[in-house]
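Student: I am new to this structure and would like a close look at one part of it. Please take me through the charged side chains slowly.

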Amino acid sequence: MSLDMAWHIFGESGTIEALMFVKGAPFMEIDTLTPRQLLAFQEALRQEERAAATIQKYLRDLREFSAWLADRPLSREAAAGWKESLLSSGLAPATVNCKLSALNGFLRFSGRESCRVKFLRVQRRMFREQSRELGRGEYLRLLSAARETGREGLALLMEAICSTGIRVSEVRYLTVEAARQGEAVIYLKGKIRTILLPGKLRKKLLRFAREQRIASGEIFLARDGGSLSRKQIWRGMKALCRRAGVRPSKVFPHNLRHLFATTFYQVCRDIVKLADLLGHSSVDTTRIYLLSGGAEHARCLERLRLVC
C-alpha cells in the first residue's frame, strides 16, 4: 500500500500540519516510523524555518528512537518505554526532555497525538555546574594557547563569539561587509536582529580578512572554502584544552556565549537588553545564562550565618 504525503498550510500563523493519504482517504494510525516519514518531518521543520542544527538534532533523536523501537509498533506504551529507557541509562533529565521534545514533535506532526508522552518535571536550577562553568581567566588562557600554536584564526573566532554573544550558527554573518559597517544583521529562527561589532574586533576582523585575501563575504572559512561547521569549531577548541590547562567539560562554543552574557550583565545589569542581544524571545531563557556558579552560591549560603 503506497503512502503519499500532502502538505496543508493553514491558519494566519502558517502552521504546518501533515495530512497523510492512502488511496485518497486520510490515514493517521501508522504504527511504524519510516525514513520517508522522517524526510517529511524534516521538510516540515524547514518550512517552519527551524535552525539547521535543531533539525539535525531532532532527526538524530528520532533515529535513536527508531533503532530502540526496532520491529515493535509505535504506540504510547512504546514511547513511554523509551522514556524509561533513557532515564535508566543515566542521562540528565534535561537531555531526556530534549529527546522527548523531538519525539513528541514528530508524533504531533504525523497525527499521533495520543502517543505523546509527558516531559519530566525538572525544578529550575539555582546555580550552574562548576565543572561546566568557563571563567574569564580560562577563556584568556584558551586564546593564548591558540595564538601560541599558530591558530590566530581560531583565537579571533573565539573572541568574535565571546565579544558579541552570537551563536555558532550565526558565525557566517561575520562578513567583511559587516566588519566595515560595524554591525552584522542576523536572520535566524524567523527573526532579524542587528549585532554591533566592537571597534577593536572590527579592526582585527578586517586585518585577518586581508591576510587571508578575503575581499568579501564570510571571514571565517573552512579549508575547502566553505562555511565552518559547528563540529569543526568544537574540535578546534577542544584541541586547546591541555595546553591552556582548562577542563574539556568547560570548553565548547556555546560556553563563550554564556561568558558574554554573564559579563555583559555584570557591566550593564539590563536583562531585557541582554535578551535582545542574544536573540531570546523570553527573558526566562536569558535567566538561565545568568545562573551563578556553585562556588558563588555556596558563599552566599555561608554569609547567611544560620549554622551556629
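Student: Is E159 buried or exposed, and what is its relative accessible area?

Tutor: This is a predicted model, and in it E159 is buried, because its relative accessible area of 16% falls under the 20% limit for that class. The partner of E159 is R147, with which E159 forms a salt bridge whose closest N and O atoms are 3.0 Å apart. R147 lies in helix α5, which covers residues 136-148, while E159 lies in helix α6, residues 152-164, so the pair ties together parts that are twelve residues apart in sequence. Unlike the buried E159, R147 is partly exposed, with a relative accessible area of 32%. In general terms, side chains of opposite charge can pair when their charged atoms come close.

To set this pair in its surroundings, the protein has 14 helices and seven strands, and 38% of its 308 residues count as buried. A search of the whole structure finds twelve salt bridges, and one of these is formed by D61 and K99, with the closest N and O atoms 3.2 Å apart. Here D61 belongs to helix α2 (residues 52-69) and K99 to helix α4 (residues 93-109), so this salt bridge ties together parts that are 38 residues apart in sequence. Both D61 and K99 are buried. Another salt bridge joins E170 to R167, where the closest N and O atoms are 2.7 Å apart, and E170 and R167 are likewise both buried. Some of these pairings are linked, for K57, D61, E64 and K99 are joined into one network by salt bridges that share partners.

Charged side chains also gather on the surface, where R60, R230, K231 and R235 form a patch of positive charge. The element that gives the most to this patch is helix α9, residues 230-238, which supplies three residues. K231 lies in that helix, and K231 counts as exposed because its relative accessibility is 57%, which is over the 50% limit for that class. As for the surface as a whole, the accessible area of the protein comes to about 18200 Å², of which 53% belongs to carbon and sulfur atoms.

Definitions and conventions: Residues numbered from 1 in each chain as written. Predicted model: local features only at pLDDT ≥ 70, side-chain atom pairs only at ≥ 80, totals over all residues. Heavy atoms only, no water. Patch = residues over 30% accessible without salt bridge, like charges linked within 9 Å, V, L, I, M, F, W, Y side chains within 5 Å. Areas by Shrake-Rupley, 256 points an atom, 1.4 Å probe, with all protein chains shown as cover. Salt bridge = Lys/Arg side-chain N within 4 Å of Asp/Glu carboxyl O. Lys, Arg positive; Asp, Glu negative; His and termini not counted. Charge placed at Lys NZ, Arg CZ, Asp CG, Glu CD. Helix = DSSP H or I, 4+ residues; strand = E, 2+ residues; numbered from the N terminus. Buried < 20%, exposed > 50% of the residue type's maximum accessible area, 1.4 Å probe, protein only.
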